[in-house]
Amino acid sequence: MLQNPVIGKPIGKLALSESFKEMSFFHDFRTLADILNWPVSVLLLHQGFTYHHYQELRILLSKNQQLQLLKVM
């Protein structure tokens, strides 16, 4: 199965909040693939990564049928 193209798109071009985009830039996350390399438990330890950002990420992944890519353990 081919990976959804949203995973490789620049975060700045995705329908995410400015807060999410700023946090991503701060941590040098360029694409969702960069973020999805980390388990949620580690992401939440990153400065500025909030539960609101986690929820945004879940919603975006769910809309693109990619929620299974989120590492929850």
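Here are some short exercises, with worked solutions, on a predicted model.

**Exercise 1. Find which residues of helix α1 are buried and which are exposed, and decide how they are arranged around the axis.**

Step 1. Start with the buried set. Helix α1 covers residues 18–26, and its buried residues are Phe-20, Lys-21, Met-23 and Ser-24.

Step 2. Look at their directions. These four residues cover an arc of only 165 degrees around the axis, which puts them on the same side of α1. A general rule helps here: an α-helix has 3.6 residues a turn, so residues three or four places apart point the same way.

Step 3. Turn to the other side of α1, where Glu-18, Glu-22, Phe-25 and Phe-26 are exposed.

Step 4. Ask what lies over the buried residues of α1. The cover includes α2 (32–36) and α4 (51–63).

Step 5. Follow the chain onward. Just after α1, Asp-28 has a positive phi of about 65 degrees.

**Exercise 2. Check the length of α4 against the expected span, then sort its residues by burial.**

Step 1. Take 1.5 Å a residue: the 13 residues of α4 should then span 18 Å. The C-alpha atoms at the ends of α4 are 18 Å apart, which agrees.

Step 2. List the buried residues of α4: His-53, Tyr-54, Glu-56, Leu-57, Leu-60 and Leu-61. Their arc around the axis is only 160 degrees, which puts them on the same side of α4.

Step 3. Now the other side of α4: Tyr-51, His-52 and Lys-63 are exposed there.

Step 4. Identify the partners. The buried residues of α4 pack against α1, α2 and α3.

Step 5. Look just past the end of α4, where Gln-65 takes a positive phi of about 55 degrees.

**Exercise 3. Describe how α1 and α4 pack together.**

Step 1. Two packed helices are described by the angle between their axes and the distance between the axes.

Step 2. For α1 and α4 the angle is about 100 degrees, and the axes are 10 Å apart.

Step 3. Angles of 65 to 115 degrees count as roughly perpendicular, and α1 and α4 are therefore roughly perpendicular to each other.

Step 4. Name the residues that meet: Ser-19, Phe-20 and Met-23 from α1, with His-53, Glu-56 and Leu-57 from α4.

**Exercise 4. Work out which residues touch the most other members of the largest nonpolar core, and which helices supply it.**

Step 1. This core has 19 residues, and those touching the most other members are Phe-20, Leu-32, Ile-35, Leu-57, Leu-61 and Leu-70.

Step 2. Assign the core to helices. At least two of its residues come from each of α1, α2, α3 (40–43) and α4. The largest share, 4 residues, is from α4.

Step 3. Take Leu-70 as an example. Leaving out residues up to four places away in sequence, Leu-70 touches Leu-36, Val-40, Tyr-54, Leu-57, Arg-58 and Leu-61.

**Exercise 5. Compare two residues outside the helices: is His-46 buried or exposed, and is Ala-15 buried or exposed?**

Step 1. Locate them. His-46 sits in the loop between α3 and α4, while Ala-15 belongs to the segment before α1.

Step 2. Apply the cut-offs: buried means under 20% relative accessible area, and exposed means over 50%. At 17%, His-46 is buried; at 74%, Ala-15 is exposed.

Step 3. Add the surroundings of His-46. Not counting residues up to four places away in sequence, His-46 touches His-27, Phe-29 and Trp-38.

Step 4. Finish with a distance. Ala-15 and Thr-31 are 16 residues apart along the chain, and their C-alpha atoms are separated by 13 Å.

Note on methods: Residues numbered from 1 in each chain as written. Predicted model: local features only at pLDDT ≥ 70, side-chain atom pairs only at ≥ 80, totals over all residues. Heavy atoms only, no water. Buried < 20%, exposed > 50% of the residue type's maximum accessible area, 1.4 Å probe, protein only. Arc of directions from axis to C-beta. Contact = heavy atoms within 4.5 Å. Core = buried A, V, L, I, M, F, W, Y, C linked by side-chain atoms within 4.5 Å. Expected span 1.5 Å × (residues − 1). Axes fitted to C-alpha atoms, helices over the stretch in contact; angles between N-to-C directions. Parallel < 35°, antiparallel > 145°, perpendicular 65-115°, else oblique.
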